[in-house]
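Student: I have just opened a new model and would like to learn how its descriptions are justified. Could you walk me through it?

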Amino acid sequence: MASLPKPVESAKGAKLNVILGSQWGDEGKGKLSDILCQKMDVCARCAGGNNAGHTIVVNMGPDKVKTKFDFHLLPSGLINERCAGFIGSGVVVHVPSFFAELDAITKKGLNCDGRLFVSDRAHLVFDFHQVVDGLKEVELGGSSIGTTKKGIGPAYSSKASRSGLRVHHLYDHETFANKFRKLVEGRFKRYGHFEYDTEGEIARYKAFAERLRPYVVDGVSFIHAALAANRRVLVEGANALMLDIDFGTYPFVTSSSTSIGGVCTGLGVPPNAVGEIYGVAKAYTTRVGGGPFPTELNDEIGVHLQEVGAEWGVTTGRRRRCGWLDLVMMRYSTLINGYTSLNLTKLDVLDDLKEIKVATSYKVNGQELASFPADLDILAQVEVVYKTMPGWQQDISKATTYEELPQACRDYVELIEQFLSCPVEYIGVGPGRESMIHRKRA
């Protein structure tokens with residue numbers, strides 16, 4: 001098995017620390033990952049594929065040139081040249097995108113030689129999966145889910161139907177070719193004969209297999225060897241709890257387990273291997289694509305949040321829908337994932353607002369709901385009950401400590417903590433790596 005880089009520092013009794021999105025994705029997980037990975041030996045992905053999107057801005061080279069990196073499939077911890085990146089067994093891998101992304105970050109000055117690894121059990125996403133993704137959306141018509149068209153759902157469908165191909169299949173070319181032909185033929189029968197060069201794709205993957213070989217490891221052995229050697233491991237969640245296949249706003253969800261459970265199944269580790277669980281939440285709420293959104297704002301405040309917060313999808317380029325912070329949804333998210341602390345991001349986007357609202361309960365026909373409902377028809381009927389708080393109406397982007405924040409701002413943070421019974425440990429007050437207040441827990 002390939003060897004890991006030398007540990008950053010001693011981590012006796014090391015456990016996995018985990019970063020998870022607590023809303024509908026795009027919470028800014030990449031920046032916290034970047035900060036924490038400065039002291040990590042391994043940054044791992046456990047689920048999803050190149051439908052994820054993390055943007056990190058860092059100063060590169062002796063001249064400290066500000067450089068933006070967009071990560072989709074690769075772990076964003078690769079920014080730290082002492083940290084290894086690991087793509088776990090629960091991830092679905094589009095090999096052409098893997099190399100395109102690797103080539104792009106290499107050109108910007110990141111050397112990933114000997115520190116990027118892929119589990120041999122990870123399933124493969126093929127170009128025909130992406131074609132099928134688009135065909136399924138057309139088929140759904142008005143009920144379109146709004147996927148990223150990256151083929152993630154169809155790849156997980158192949159996996160669930162036990163017809164998928166995994167990384168290790170690439171190294172028995174004859175078997176791979178036969179299975180691949182059957183897989184494509186099955187899609188032709190389902191969707192009609194779309195344009196696709198099956199034999200050309202088989203030949204292309206024969207070449208990809210050799211280029212990928214140096215990165216492939218036994219994923220279970222790899223992650224357990226890292227833990228046994230007391231290496232510090234950070235798991236970078238993709239998407240978010242409300243997009244989870246089981247617990248999100250189904251069917252407007254992704255195709256994988258984006259919860260803490262997906263960390264265990266996606267990496268092959270037991271629950272007692274998990275240490276800190278950081279939930280990342282925007283100071284307001286956004287979502288991309290279709291699906292319910294109880295606190296959505298279709299007014300000038302929604303436009304303000306979108307423009308000031310630069311709310312455009314990293315992966316899709318689509319405008320994000322914006323609304324007030326929803327603590328009903330956040331309480332549900334916290335119950336499932338058991339966050340040990342929160343990272344509240346983009347608090348500065350609220351700087352200019354005279355007043356700020358926070359959703360604290362849902363009512364249907366005058367009756368308060370006990371929890372976040374599973375039934376989307378019920379969710380569509382909810383009356384959102386808000387708590388209104390005064391805004392601080394001043395620039396907080398230069399604050400470096402919690403005490404420097406205005407009182408109204410701290411009141412907002414503390415309301416969130418009290419409602420969720422979870423400490424807010426990190427507070428984002430700007431886009432840069434340095435614009436993160438670390439508030440030590442009691």
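Student: What makes both faces of strand E5 (residues 84-87) count as covered?

Tutor: Ala84 and Phe86 lie on one side, Gly85 and Ile87 on the other, and all are buried. Buried means under 20% relative accessible area, with exposed over 50% and partly exposed in between (1.4 Å probe, protein chains only). In a regular strand the side chains alternate between the two faces of the sheet. A word on the source: this is a predicted model, where local features need pLDDT of at least 70 and side-chain atom pairs count only at pLDDT 80 or more, while totals for chains, interfaces and linings use all residues. Residues are numbered from 1 along each chain as its sequence is written, and side-chain values use heavy atoms, leaving out hydrogens and water.

Student: Why is E5 called a strand, and how do you know that strand E2 (residues 42-45) pairs with E5?

Tutor: Strands (E, at least two residues) and helices (H or I, at least four) are DSSP runs, numbered from the N terminus, so the run 84-87 qualifies as a strand. Pairing requires at least two bridges found by DSSP between two strands. E2 and E5 are joined by four bridges and run parallel, so they pair. In one of these bridges, Ala44 has Phe86 of E5 as its partner.

Student: Which strand is joined to E5 by three bridges?

Tutor: That is strand E7 (residues 116-119), again in the parallel sense. Here Phe86 has Phe117 of E7 as its bridge partner.

Student: What makes the sheet an open one with edges?

Tutor: Its 10 strands follow the order E9-E7-E5-E2-E10-E1-E11-E15-E19-E20, with mixed pairing. Strand E9 (216-217) and strand E20 (436-438) each have a single partner strand, so one side of each lacks a neighbour in the sheet. Further along the order, strand E11 (residues 274-282) and strand E15 (residues 341-345) pair in the parallel sense over five bridges, and Lys282 is matched with Thr345 in E15.

Student: Why is the chain called as compact as a globular protein of its length?

Tutor: The chain has 12 helices and 20 strands. Its radius of gyration, taken over C-alpha atoms, is 22 Å, and the globule rule (2.2 Å times the number of residues to the power 0.38) gives 22 Å for 442 residues, so the description fits. Of the 442 residues, 56% count as buried.

Student: How far does the C-alpha trace span along its principal axes?

Tutor: About 65 × 50 × 40 Å.
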